[in-house]
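Reader: I have a model open and a list of terms attached to it. Please take me through them and say what each one rests on.

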Amino acid sequence: MIGYLSGQVFAMDAKSLILMVGGVGYELNFGCDPRTMYQVGQDLAVYTYTNVREDALELYAFQTVGDKTVFNKLRGVTGIGAKSAVTMVASAGAETIIRAVLSKDEKMLLTLPGCGTVSYTHLTLPTTPYV
């Protein structure tokens, strides 16, 4: 699996960018618009998660190890997939999500894109080791 990439931003759109690494362009999916954070030609290093599905091979990108860790924990929650998890982490940040889960902050968690009442319930179960 690909866990970390370092290269130069080659192209971007609203949800992804292409990172040129050693002559190979890797398409990286973000939970937010990368055009607001990066510029074409900029050097960039990111942690990645390789999502292998029957019909796709996707790379999700994270600025910190903490963001990637929380993303992986969220993916383990029933009803939360990779796309929802990356969007949640990008919209609130790892630390905010951890605090909200530990304090069972329903109001905050339900504002996360992709987190409904069922996901909230699974995230905050007393036996859930998600954070």
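Reader: What does the secondary structure of the chain come to?

Author: Five helices and five strands. This is a predicted model, and along the sequence its elements follow the pattern β-β-β-β-β-α-α-α-α-α.

Reader: How many residues does the chain have, and what share of them is buried?

Author: The chain has 131 residues, and buried ones make up 37% of them. The chain exposes about 7,100 Å², with carbon and sulfur atoms supplying 54% of that area. Among contacts with a separation of 6 or more, 41% are between residues 24 or more positions apart.

Reader: What makes the pair Arg-35 and Asp-33 a salt bridge?

Author: The cut-off is 4 Å between a side-chain nitrogen of Lys or Arg and a carboxyl oxygen of Asp or Glu. Arg-35 and Asp-33 have an N to O distance of 2.8 Å, so the pair is a salt bridge by that cut-off.

Reader: Why are Arg-35 and Asp-33 called partly exposed?

Author: Buried means under 20% relative accessible area and exposed means over 50%, with partly exposed in between. Arg-35 has 45% and Asp-33 has 22%. Both values lie between the two limits, therefore both residues are partly exposed.

Reader: How many salt bridges does the structure hold, and which residues do salt bridges with shared partners join into one network?

Author: The structure holds three salt bridges. Besides Arg-35 with Asp-33, there is Asp-55 with Arg-53 at 3.1 Å, N to O. Glu-58 also forms a salt bridge with Arg-53, with the closest N and O atoms 4.0 Å apart. Through shared partners, Arg-53, Asp-55 and Glu-58 are joined into one network.

Reader: Which members of that network are buried, partly exposed or exposed?

Author: Asp-55 has a relative accessible area of 62%, which is over 50%, so Asp-55 is exposed. Arg-53 has 37%, between the limits, so Arg-53 is partly exposed. Glu-58 has 11%, which is under 20%, so Glu-58 is buried.

Reader: Now the helices. Why is α1 called oblique to α3?

Author: Helix α1 covers residues 65-75 and helix α3 covers residues 94-102; their axes come within 9 Å and cross at roughly 45°. Under 35 degrees would count as roughly parallel, and roughly perpendicular begins at 65. The crossing angle fits neither class, so α1 is oblique to α3.

Reader: Which residues meet where α1 contacts α3?

Author: From α1, Gly-66, Asp-67, Val-70 and Leu-74 meet Ala-94, Ile-97 and Ile-98 of α3. By class, five residues of this contact are nonpolar, one is polar and one is charged. Gly counts as polar and Asp as charged, therefore Gly-66 is the polar residue and Asp-67 the charged one.

Reader: What makes α2 roughly perpendicular to α3?

Author: Helix α2, residues 82-92, packs with α3 at an angle of about 100°, with the axes 7 Å apart. Angles of 65 to 115 degrees count as roughly perpendicular, so that is the term for α2 and α3.

Reader: And which residues form the contact of α2 with α3?

Author: Met-88, Val-89 and Ala-92 in α2 meet Ala-94, Thr-96 and Ile-97 in α3. Five of these residues are nonpolar, one is polar and none is charged.

Reader: Why is the phi of Lys-104 singled out?

Author: Most residues other than glycine have a negative phi. Lys-104 has a phi near 55°, a positive value in a residue other than glycine. Lys-104 lies in the loop between α3 and α4 (106-110), and at 43% relative accessibility Lys-104 is partly exposed.

Reader: How do you know whether Gly-22 is buried or exposed?

Author: Gly-22 has a relative accessible area of 81%, and over 50% means exposed, so Gly-22 is exposed. Gly-22 sits in the loop between β2 (16-21) and β3 (24-29). Its C-alpha atom is 9.3 Å from that of Ser-6, 16 residues apart along the chain.

Reader: Where is Thr-64 found, and what is its relative accessible area?

Author: Thr-64 is in the loop between β5 (57-62) and α1. Its relative accessible area is 36%, between 20% and 50%, so Thr-64 is partly exposed. The C-alpha atoms of Thr-64 and Val-46 are separated by 7.4 Å, with their positions 18 residues apart along the chain counted as separation.

Methods:
Residues are numbered from 1 along each chain as its sequence is written. This is a predicted model: local features need pLDDT of at least 70, side-chain atom pairs count only at pLDDT 80 or more; totals for chains, interfaces and linings use all residues. Side-chain values use heavy atoms; hydrogens and water are left out. Buried means under 20% relative accessible area, exposed over 50%, partly exposed in between (1.4 Å probe, protein chains only). Axes are lines fitted to C-alpha atoms, for helices over the stretch in contact, and angles run from 0 to 180 degrees between N-to-C directions. Helices (H or I, at least four residues) and strands (E, at least two) are DSSP runs, numbered from the N terminus. Angles under 35 degrees count as roughly parallel, over 145 as roughly antiparallel, 65 to 115 as roughly perpendicular and the rest as oblique. Contact means heavy atoms within 4.5 Å. Accessible areas come from the Shrake-Rupley method with a 1.4 Å probe; for residues, only the protein chains shown count as cover.
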